[in-house]
Amino acid sequence: MRRNWSDTVDLAGSESRPGSAAEVSELVRSHDSVLALGSAHSFSRVAVTPGLHVDTMRLPADIHVEGTTATVGAGTTYAVLGRELHARGMALAAMASLPHITVGGAIATGTHGSGDAIGTLSSAVTGLEIITSDGTTRWVRRGIDPDFPGWVVALGALGIVTRVELEVEPTYDVAQTVFAGLDLDLVEEDFDAVFGAATSVSVFTRWRPEPDAQLWLKRRIDREGAWPGGPAFGVAERDAPLHPLEQLDPVHCNPQLGQPGPWHERLPHFHADFTPSAGDEIQAEYLLPRVHAVEAIRALRTLHARITPLLHVTEIRTMRADDLWLSPAYGVDTVGIHFTWHRDEHIYDVLPAIEDIVMPLGARPHWGKVSRATAEQVRSAFPRWDDFAGLLARVDPAGRFRSPFVTRLLGASG
Ligand SMILES: Cc1cc2nc3c(=O)[nH]c(=O)nc-3n(C[C@H](O)[C@H](O)[C@H](O)COP(=O)(O)OP(=O)(O)OC[C@H]3O[C@@H](n4cnc5c(N)ncnc54)[C@H](O)[C@@H]3O)c2cc1C
């Protein structure tokens with residue numbers, strides 16, 4: 001039976017591995033209950049179906065670049081796409097922390113990296129080729145289909161995306177510099193300066209009372225140059241590479257120490273050649289309106305005695321607002337507060353306390369990570385939820401792609 005990457009979710013259902021869009025179409029026509037599957041990296045139950053999983057990873061990558069648009073097979077990983085785009089002199093604006101996930105799976109869940117001016121990975125999408133519930137193929141495109149913002153972050157519920165059109169730009173180099181021993185007091189006091197210090201910034205913490213945070217600055221060489229040297233926010237630049245979990249060997253991390261390199265080998269923290277099998281971890285993340293981030297951090301620090309013993313590490317990242325209905329950054333500049341937990345059931349005792357803090361501040365739980373939020377809470381965090389439900393009802397009236405995860409969210413409105 002197929003399980004997710006962390007071996008914490010039974011994905012149920014049966015599985016097929018089509019090698020072409022025509023095969024996908026045939027599978028959709030011949031099965032009543034179908035759901036796309038990417039690299040199965042989600043921690044939530046978003047990829048569970050009692051029906052047929054259509055594993056997209058054998059679909060051809062078939063990467064085309066024309067001007068500032070790239071088209072790619074939806075089951076392609078960002079590792080492959082990054083390498084190929086760079087070889088053709090092009091780049092994406094954003095990458096997640098690791099490149100092993102598929103384009104189709106990442107954009108369906110609003111996956112993101114970090115950067116005040118950088119949108120989610122989903123926000124780079126300009127078009128989708130999708131097999132809908134009657135088995136026919138259609139393209140939906142930004143600027144042409146008025147409901148396009150509903151189609152991208154869609155949790156697999158609108159059909160099987162077979163190709164994705166993405167906005168790209170000329171390739172660029174990035175240098176990353178890591179600082180350790182940062183005080184969260186400074187992050188609270190100077191949040192905008194900290195996250196404005198580089199194109200892409202991450203703050204890692206274990207929420208210990210002492211200054212335990214790491215600051216990762218990823219700077220675009222063409223725009224801001226590498227870190228000029230010297231301390232940042234009172235802490236010295238590291239002179240040896242560091243893993244976000246300080247006790248681990250950074251051998252699988254992309255080069256640090258201000259050494260410039262191509263965007264796809266610097267924006268993700270971990271490099272593509274390292275294939276993590278299953279990790280001893282469960283992830284949760286809450287995406288908050290940026291204006292409430294400091295208030296949330298301050299309140300979460302009071303829970304450190306409950307959080308730290310169960311936690312590998314927290315990562316705090318920023319992202320620019322977008323217009324995608326189910327995006328974690330819909331309509332508002334956003335801050336992600338992420339928790340990589342040990343695989344320990346006790347985390348489910350702590351999540352409600354965290355959610356009591358962040359949900360009233362307008363947090364949206366990450367679609368691909370665990371949460372204890374109710375369907376009602378989740379729906380009310382997305383102002384365009386009813387529009388999405390309407391789109392679902394129009395595009396897939398019989399619920400061929402309706403997973404138990406989406407059915408639960410729809411509640412009475414489904
Ligand atoms: C180690 C690790 C690091 C991570 N880092 C980050 C990070 O930095 N930032 C972040 O935001 N998230 C991160 N995540 C979460 C991850 O990005 C999401 O869970 C993402 O959805 C995983 O992509 P996938 O290809 O594995 O999708 P899957 O888990 O296989 O599927 C997720 C959803 O997408 C749908 N889907 C997949 N493919 C298609 C398709 N072709 N057409 C339609 N729907 C489709 C599925 O039906 C399902 O609903 C991380 C996860 C792990 C395990």
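Here is a short chat about the two sheets and the ligand in this predicted model.

Me: Before we start, what pLDDT do side-chain atom pairs need to count?
Reply: Residues are numbered from 1 along each chain as its sequence is written, and side-chain values use heavy atoms, with hydrogens and water left out. The model is predicted, so to speak of local features takes pLDDT of at least 70, while totals for chains, interfaces and linings use all residues, and side-chain atom pairs count only at pLDDT 80 or more.

Me: Which strands stand at the edges of the open sheet of 5 strands?
Reply: Strands here are DSSP runs of E, at least two residues long, and helices are runs of H or I, at least four long, both numbered from the N terminus. Two strands pair if DSSP finds at least two bridges between them. This sheet has antiparallel pairing and the order β4-β5-β9-β7-β8. Each edge strand has a single partner, so one side of it is left without a neighbour in the sheet, and these strands are β4 (64-66) and β8 (137-141).

Me: Which residue in β9 does Val-72 stand opposite?
Reply: Strand β5 covers residues 69-73 and runs antiparallel to β9, with 5 bridges joining the two. Opposite Val-72 stands Val-164.

Me: At about what angle does helix α1 run to β7?
Reply: Axes are lines fitted to C-alpha atoms, for helices over the stretch in contact (heavy atoms within 4.5 Å). Angles run from 0 to 180 degrees between N-to-C directions. Helix α1 (residues 21-30) lies across β7 (125-131) and β9, and its angle to β7 is about 55°.

Me: In the other sheet, which residue of β17 is the bridge partner of Leu-311?
Reply: This open sheet of 8 strands has the order β14-β11-β13-β12-β16-β17-β15-β18. Strands β16 (residues 311-319) and β17 (residues 334-341) run antiparallel and are joined by 8 bridges. The partner of Leu-311 is Trp-341.

Me: Now the ligand: how far from one of its oxygen atoms is a polar side-chain atom of Ser-39?
Reply: A polar contact is a pair of N or O atoms within 3.5 Å. A backbone N or O atom of Ala-40 lies 2.9 Å from a ligand oxygen, and a polar side-chain atom of Thr-111 lies 2.8 Å from one. For Ser-39 the distance is 2.7 Å.

Me: Which element supplies the largest share of the shell around the ligand?
Reply: The ligand is surrounded by 36 residues, each with a heavy atom within 4 Å of it. Among the elements supplying at least two of them are β2 (34-37) and β9 (160-167). The largest share is 4 residues, and it comes from α3.

Terms used:
A polar contact is a pair of N or O atoms within 3.5 Å; within protein, one must be able to donate a hydrogen and the other to accept it, and residues adjacent in sequence count only if both atoms are side-chain atoms.
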